[in-house]
Amino acid sequence: MQIFLDSANFKEIEKWTAEGVIDGLTTNPSIMFKDGIYDVERGARRLCALLGERPVSVEVTTNDHEEMILQARRFARWAQNIVVKIPVINEQGESCLGVINTLNREGILVNATAILSFNQAILAAKAGATYVSIFAGRVADEGNDPAGVIRNVRQWLDAWSYSAKIIVGSIRSVMDVQSAAIAGAHIITIPPQFLSKMVDHKYTRETVSQFVSDANKALEQISQAKVAAGSGGAR
Ligand code: E4P
């Protein structure tokens, strides 16, 4: 399973890529705005350079299908690791599957985003999306079970040999990460604050503290023995 970072915060991206656990990056207009990226092209180019070969998802910012295609073609020229995020429907509820299909036929990688149901996911996969992004937190907001949706989509993709990969996003807690992993996500995109929580554990801290303290006691014993041996020799 891969882990992507759901962020546009350069410091956090540098930190977590240096930890060796990041396989890619996802953004959206809200994340970019929150992290202070107002010039999407400049920001996206910098993010892509930071990530090297790893995929970076950047989302279109329009409801118009033609404009989505033009934006996607422009984004794809910014870097070789750009993946264009296309919402499965637009604000008016019009299907964007045709946009996904057109871009796929042009060889542009598409992350079909804002997916909240099994049916949306399988249609996006059929239209040619490389990634289908299931928004776990938002599925749960509506009283539905994200793990069930993830599990069913994964089973369907495997059963029918589709190459689309499930990205689980909209992570709201560390438990969401665990549930998505067990349910069969290929990729989970995680905001940096949850990675810090995932790696931490109070009892691990106590355990390490005990080892460090005993190691220091052992060093103290050695230095005391050396002092004793030294004063013995002088006598
Ligand atoms: C995933 O690709 C999205 O950027 C993100 O996880 C959306 O989640 P939200 O519900 O926090 O907006």
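Hi everyone, a quick definition before the tour: helices and strands here are DSSP runs, numbered from the N terminus, with at least four residues for a helix and at least two for a strand. Please keep in mind that this is a predicted model.

With those names in hand, let's start with the enclosed space. Searching the whole structure for cavities of 30 Å³ or more turns up 1. The space inside this largest cavity comes to about 40 Å³. Which elements each supply at least two residues of its lining? They are α2, covering 29-34, and β3, covering 56-59. If you'd like to click through the lining yourselves, the residues are Thr27, Asn28, Pro29, Met32, Val40, Val58, Glu59 and Thr61. Sorted by class, that lining has 4 nonpolar, 3 polar and 1 charged residues.

Now to the open spaces, and to the ligand. The largest pocket has a volume of about 620 Å³. It is lined by 29 residues, and the closest to its centre are Asp6, Asn28, Ile31, Arg138 and Ser170. Two or more lining residues come from each of α2, β6 (131-135), β7 (165-169) and α10 (192-199). Helix α2 shows up again here, and it gives the largest share of this lining, 4 residues. The class split for the pocket is 11 nonpolar, 10 polar and 8 charged residues.

So where does the ligand sit? It sits in that largest pocket. Around the ligand you'll find Asp6, Thr26, Asn28, Ile31, Lys85, Phe135, Arg138, Gly169, Ser170, Arg172 and Thr189. This shell divides into 2 nonpolar, 5 polar and 4 charged residues.

Let's look at some individual contacts. The side chain of Asp6 has an N or O atom 2.6 Å from an oxygen atom of the ligand. For Lys85, a side-chain N or O atom lies 2.7 Å from a ligand oxygen. Arg138 also has a side-chain N or O atom at 2.7 Å from an oxygen of the ligand. How much of the ligand does the protein bury? On its own the ligand exposes 340 Å², and the protein buries 85% of that.

One last stop: the second largest pocket, with about 230 Å³ of space. Its lining has 14 residues, and those nearest the centre are Pro87, Ile89, Asn90, Glu91 and Ala114. By class, this lining comes out as 7 nonpolar, 5 polar and 2 charged.

That's my tour, thanks for listening!

Key:
Residues are numbered from 1 along each chain as its sequence is written. This is a predicted model: local features need pLDDT of at least 70, side-chain atom pairs count only at pLDDT 80 or more; totals for chains, interfaces and linings use all residues. Side-chain values use heavy atoms; hydrogens and water are left out. A residue is near a molecule or strand if one of its heavy atoms lies within 4 Å of it. A polar contact is a pair of N or O atoms within 3.5 Å; within protein, one must be able to donate a hydrogen and the other to accept it, and residues adjacent in sequence count only if both atoms are side-chain atoms. Accessible areas come from the Shrake-Rupley method with a 1.4 Å probe; for residues, only the protein chains shown count as cover. On a 1 Å grid over the protein atoms alone, a cavity is a set of points where a 1.4 Å probe fits but cannot get out, and a pocket is an open set with protein on both sides within 12 Å along at least five of seven lines; lining residues have an atom within 4 Å of a point. A molecule sits in a cavity or pocket if more than half of its atoms lie within 2 Å of its grid points. Ala, Val, Leu, Ile, Met, Phe, Trp, Tyr, Cys and Pro count as nonpolar, Asp, Glu, Lys and Arg as charged, and the others, Gly among them, as polar. Grid points are joined across faces, edges and corners, and a volume is the space filled by probe spheres set on the points.
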